[in-house]
Protein chains: 2
Amino acid sequence: MREHVIQEEIQPDGAGFLPGLAIDCVIFGFHDNQLKILLLAYRNTDLFALPGGFIREKEDVNDAAKRTLAQRTGLHDIYLEQFYTFGNFARYDPVPLQMIMAGKDLPPDDDHWLLRRFVTVGYYALVDFTKAVPNPDLLADDCSWYDLNYLPTLMLDHQTIVQKALETLRADLDRKLIGFNLLPETFTMNDLQSLYETILGEPLHRSSFQRRMLGLDILERLEKQYSGGAHKAPYLYRFKSESEG
Amino acid sequence: MREHVIQEEIQPDGAGFLPGLAIDCVIFGFHDNQLKILLLAYRNTDLFALPGGFIREKEDVNDAAKRTLAQRTGLHDIYLEQFYTFGNFARYDPVPLQMIMAGKDLPPDDDHWLLRRFVTVGYYALVDFTKAVPNPDLLADDCSWYDLNYLPTLMLDHQTIVQKALETLRADLDRKLIGFNLLPETFTMNDLQSLYETILGEPLHRSSFQRRMLGLDILERLEKQYSGGAHKAPYLYRFKSESEG
């Protein structure tokens, strides 16, 4: 069945898909001070890869990214952000694909569409990995969360793609924070600092972090709730709604 | 000669180039509180377009962007930043290309490679337009700076590409400021504020702008120079060098 599906989906001449263009998704998962990413493993090889795919002839590239992520991982409604297109000639290397195709008992064919040079459009997302449970379809052999600090060896330039996605996530965190929807409706400054420290991979100075966050003008401070030890209760915050911002 | 060059460069089957993938460059020019962009005009049509091109079979996409910008405009050594890849199916429209090809006395050929669907990788740069003088080669009919507030009608989705580039430039200005190299070695806070106001397209509040700029920790304040009326002389600043930053 598996072979049937991949053969049906991707013809040796790539019919029905845009030539030479692919998609790769870096899905970061955050929870309890852990940062992970979602990887696919390929049967009969030691190769791990980002979830990726191709663009249909009449499909928007951004839609193709959502579709392939859903197909490969079972994750739907993930807010994907396009971040960079990887187009170095050096990323062209047919050997890993030949291994994967052999592992799927696909006939070796040096002229197969999958073995040509591809430019890939990179997307990233940041989700709560306890809420986004991968459920690979027939095309994927395994799809799991891996600790970002202990990644297995990735195929092609996927390590570079992960690194660039991480740099983009770090640089854009202030602007993307609300959209990622990673915190409960109300949270403490400590919760927010833990999120930042985990994603930036370094400890932050408490008072300058708080000053910088308040300077962003996206937080609303709520009244302290009576808790018996009120002088120790931290302030709760929530994100300002669009209309207040 | 012109027809000879374009026919030599682009075969009807696109031989030598990656299929379906193009490049477009949004070159912003700044000087004396004016913001312009660089556009090409096509002979015998009313079409204006961003400088763009294609990627050779063994060429890095980023290198192709530099090469095509230099070929179309005569501008070399421009620091191009890749910002977004435009891949909507709706951008596929062969009519403008057919008009341009007819204007160049190219034989009409409905199956011509140029008339297929292209995904385009967008790049932007910001330069001093008095220092970057376009010098179109044989392929371009005209290449000039246009005021961003009075753009002519652009072909395909080039208006969308310009808008997205402008949003990216505005959002990234703090981070890219030094690299763009638009200010003299020393400058006043007013000079910097004028640059920001021109690019953001809105007036800024003087004291909060100054506070924000100083908070970026990229400026070094120099001693006031004696000027006869020292109490009115503004402070001069320069960008900190990497090692100090």
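**Stop 1: a helix pair in chain B**

Select B:M189, B:N190, B:L192, B:Q193 and B:Y196 in α5(B), then add B:R206, B:F209, B:Q210, B:R212, B:M213 and B:L214 in α6(B); these two sets meet. By class, the contact of α5(B) with α6(B) holds 6 nonpolar, 3 polar and 2 charged residues. Keep in mind that this is a predicted model.

Now widen the selection to both helices. Helix α5 of chain B spans residues 189-200, and helix α6 of chain B spans residues 206-215. Their axes come within 11 Å. The crossing angle is roughly 95 degrees, so α5(B) is roughly perpendicular to α6(B).

**Stop 2: strand β6 of chain B**

Select residues 119-128 of chain B, which form strand β6. How many of its residues are buried? The count is 10 of 10.

Colour the two faces separately. In a regular strand, side chains alternate between the two faces of the sheet. On one side of β6(B) sit B:V119, B:V121, B:Y123, B:A125 and B:V127. On the other are B:T120, B:G122, B:Y124, B:L126 and B:D128. Both faces are covered.

Next, show what pairs with β6(B). Strand β1 of chain B, residues 17-31, runs parallel to β6(B) and is joined to it by 10 bridges. Zoom in on B:D24: B:G122 of β6(B) stands opposite. Then select strand β5 of chain B, residues 81-86. This strand pairs with β6(B) in the antiparallel sense, over 5 bridges. Pick B:T85 here; its bridge partner in β6(B) is B:V121.

**Stop 3: the interface**

Show both chains. Chain A brings 24 residues into contact with 24 residues of chain B. Between them the two chains bury about 1,800 Å². Carbon and sulfur atoms account for 51% of that area. Which residues of chain A lose the most area to chain B? Select A:Q82, A:F89 and A:R117. Together these three make up 24% of what the chain A side buries.

Stay with the contacts between chains and centre on A:D60. This residue is in the loop between β4 (52-56) and α2 (61-73) of chain A. Leaving out residues up to four places away in sequence, A:D60 touches A:I55 in its own chain and B:G87, B:N88, B:F89, B:A90 and B:R117 across the interface. For a distance check, pick the C-alpha atoms of A:D60 and A:Y92. They are separated by 24 Å, with the two positions 32 residues apart along the chain.

**Stop 4: chain A as a whole**

Hide chain B. Chain A has 6 helices and 10 strands. Of its 245 residues, 51% are buried. Take the contacts in chain A between residues at least 6 apart in sequence: 72% of them join residues at least 24 apart.

**Stop 5: a three-stranded sheet**

Select β8, β10 and β9 of chain A. They form an open sheet of 3 strands in the order β8-β10-β9, with antiparallel pairing. Which strands are at the edges? They are β8 (187-188) and β9 (219-221), each pairing on one side only. Between β9(A) and strand β10 of chain A, residues 236-239, there are 3 bridges. Pick A:L219 and its bridge partner in β10(A), A:F239.

**Stop 6: two loop residues with positive phi**

Go to A:D77, in the loop between α2 and β5 (81-86) of chain A. Its phi is near 55 degrees, a positive value in a residue other than glycine. Is A:D77 buried or exposed? The residue counts as exposed because its relative accessibility is 82%, and the cut-off for exposed is over 50%.

Move on to A:L156, in the loop between β7 (142-147) and α4 (158-180) of chain A. Phi of A:L156 is near 50 degrees, again positive and again not in a glycine. Its relative accessible area is 31%, so A:L156 is partly exposed.

**Stop 7: a helix pair in chain A**

Finish on α4(A) and helix α5 of chain A, residues 189-200. The axes come within 10 Å and cross at roughly 160 degrees. That angle is over 145 degrees, which means α4(A) is roughly antiparallel to α5(A).

Show the side chains that meet. From α4(A), select A:L166, A:L169, A:R170, A:L173, A:D174 and A:L177. From α5(A), add A:L192, A:L195, A:Y196, A:I199 and A:L200. By class, this contact has 9 nonpolar, no polar and 2 charged residues.

Conventions
Residues numbered from 1 in each chain as written. Chains lettered and ligands numbered in written order. Predicted model: local features only at pLDDT ≥ 70, side-chain atom pairs only at ≥ 80, totals over all residues. Heavy atoms only, no water. Buried < 20%, exposed > 50% of the residue type's maximum accessible area, 1.4 Å probe, protein only. Helix = DSSP H or I, 4+ residues; strand = E, 2+ residues; numbered from the N terminus. Pairing = 2+ DSSP bridges. Axes fitted to C-alpha atoms, helices over the stretch in contact; angles between N-to-C directions. Parallel < 35°, antiparallel > 145°, perpendicular 65-115°, else oblique. Contact = heavy atoms within 4.5 Å. Nonpolar A, V, L, I, M, F, W, Y, C, P; charged D, E, K, R; others polar. Buried area = accessible area lost by both parts, 1.4 Å probe.
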